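Reader: I'm new to this, so could you walk me through the rings and pockets in this protein?

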Amino acid sequence: MDALIALGRTIPFAFASGVNLYATVAVLGLCSRFNLVALPEQFRAFEHPLIISIALAMYVVEFVADKVPWFDSLWDTVHTAVRPIGGALVAVTALGDASAGAHVVAALLGGSVAMTTHLGKAGTRAVANTSPEPFSNWTLSLAEDAVAIGLTYFAIQHPLLALAVAVILLVVIMTFATVLIRAARRRFWRRSSRV
């Protein structure tokens, strides 16, 4: 059961890290620092005041950056490396004391989940940037923050339910991406057959 609880934190934390790494780290740090919930010992790494301060400062920067059309896509491009690495580190930390092999698996799984959610976020933002109004960016940004903060806190409280939510959301992201890729292929083949 301990392995399932660890997985119930690892996947949702990695999912949230791919959406907003800084919010995820800040929530983990604040919850641990102020004992808002009983967290396993391995989460003490997040409660250092410097880590919390940096995470909150970067969260504020990302909060503003995500509201500016096209700049949000530039921000996401830079974070194509940052979020998956952060997701892998958060996943390894969530695993706690385990074998080296388990840490490698957690890092690979965490990085992959974070990359999937990051690409889903970045792709959605790129599509939203084609809209002339700025409200879609603001709405998406606020929804992303709510998902990252909510899923992180939910995984702390209810790891198995959070795991189910994260898996369902991953399936939705993968299905949506598959539909978009198929539509792009059809468009490409139609254009190339006309030439």
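Author: Happy to! Keep in mind that this is a predicted model. Let's begin with Tyr59, whose relative accessibility is 18%. Buried means under 20%, so Tyr59 counts as buried.

Reader: And is Phe63 buried, partly exposed or exposed?

Author: Phe63 has a relative accessible area of 32%. The class between buried and exposed runs from 20% to 50%, so Phe63 is partly exposed.

Reader: Where do Tyr59 and Phe63 lie?

Author: They sit 4 residues apart, which is about one turn of the helix. Both belong to residues 49-65, and that stretch is helix H2.

Reader: How many aromatic pairs are there? And what kind of pair do Tyr59 and Phe63 make?

Author: The count comes to 4 aromatic pairs. For Tyr59 and Phe63, the ring centres are 6.0 Å apart and the planes meet at 50°. Planes under 30 degrees apart would be stacked and over 60 edge-to-face, so this pair is tilted.

Reader: Which residue lies over the face of Phe63?

Author: Here we look for a charge over the ring, with NZ of Lys or CZ of Arg within 6 Å of the ring centre. In this model the distance from the ring centre of Phe63 is 3.4 Å, and the residue is Lys67.

Reader: What kind of aromatic pair do Phe135 and Trp138 form?

Author: These two lie 3 residues apart in helix H5 (residues 135-157). Their rings are 5.1 Å apart, centre to centre, with 85° between the planes. An angle over 60 degrees sets the class, and the pair is edge-to-face.

Reader: How exposed is Trp138?

Author: Its relative accessibility is 37%. With buried being under 20% and exposed over 50%, Trp138 counts as partly exposed.

Reader: On to the pockets: which residues are closest to the centre of the largest pocket?

Author: That pocket has a volume of about 550 Å³. It is lined by 20 residues, and the closest to the centre are Thr117, Gly120, Lys121, Thr124 and Ile173.

Reader: Which elements give two or more residues to the lining of the second largest pocket?

Author: This pocket holds about 160 Å³ of space. Its lining includes Leu21, Phe46 and Thr93, and divides into 8 nonpolar, 1 polar and no charged residues. The elements you asked for are H1 and H2.

Reader: Phe46 again! Which aromatic cluster is Phe46 part of?

Author: Phe46 shares one aromatic cluster with two other Phe residues. The full set is Phe13, Phe43 and Phe46.

Conventions:
Residues are numbered from 1 along each chain as its sequence is written. This is a predicted model: local features need pLDDT of at least 70, side-chain atom pairs count only at pLDDT 80 or more; totals for chains, interfaces and linings use all residues. Side-chain values use heavy atoms; hydrogens and water are left out. Rings of Phe, Tyr and Trp (its six-membered ring) pair if their centres lie within 6.5 Å; planes under 30 degrees apart count as stacked, over 60 as edge-to-face and the rest as tilted. Buried means under 20% relative accessible area, exposed over 50%, partly exposed in between (1.4 Å probe, protein chains only). A charge sits over a ring if NZ of Lys or CZ of Arg is within 6 Å of the ring centre and within 35 degrees of the ring normal. On a 1 Å grid over the protein atoms alone, a cavity is a set of points where a 1.4 Å probe fits but cannot get out, and a pocket is an open set with protein on both sides within 12 Å along at least five of seven lines; lining residues have an atom within 4 Å of a point. Grid points are joined across faces, edges and corners, and a volume is the space filled by probe spheres set on the points. Ala, Val, Leu, Ile, Met, Phe, Trp, Tyr, Cys and Pro count as nonpolar, Asp, Glu, Lys and Arg as charged, and the others, Gly among them, as polar.
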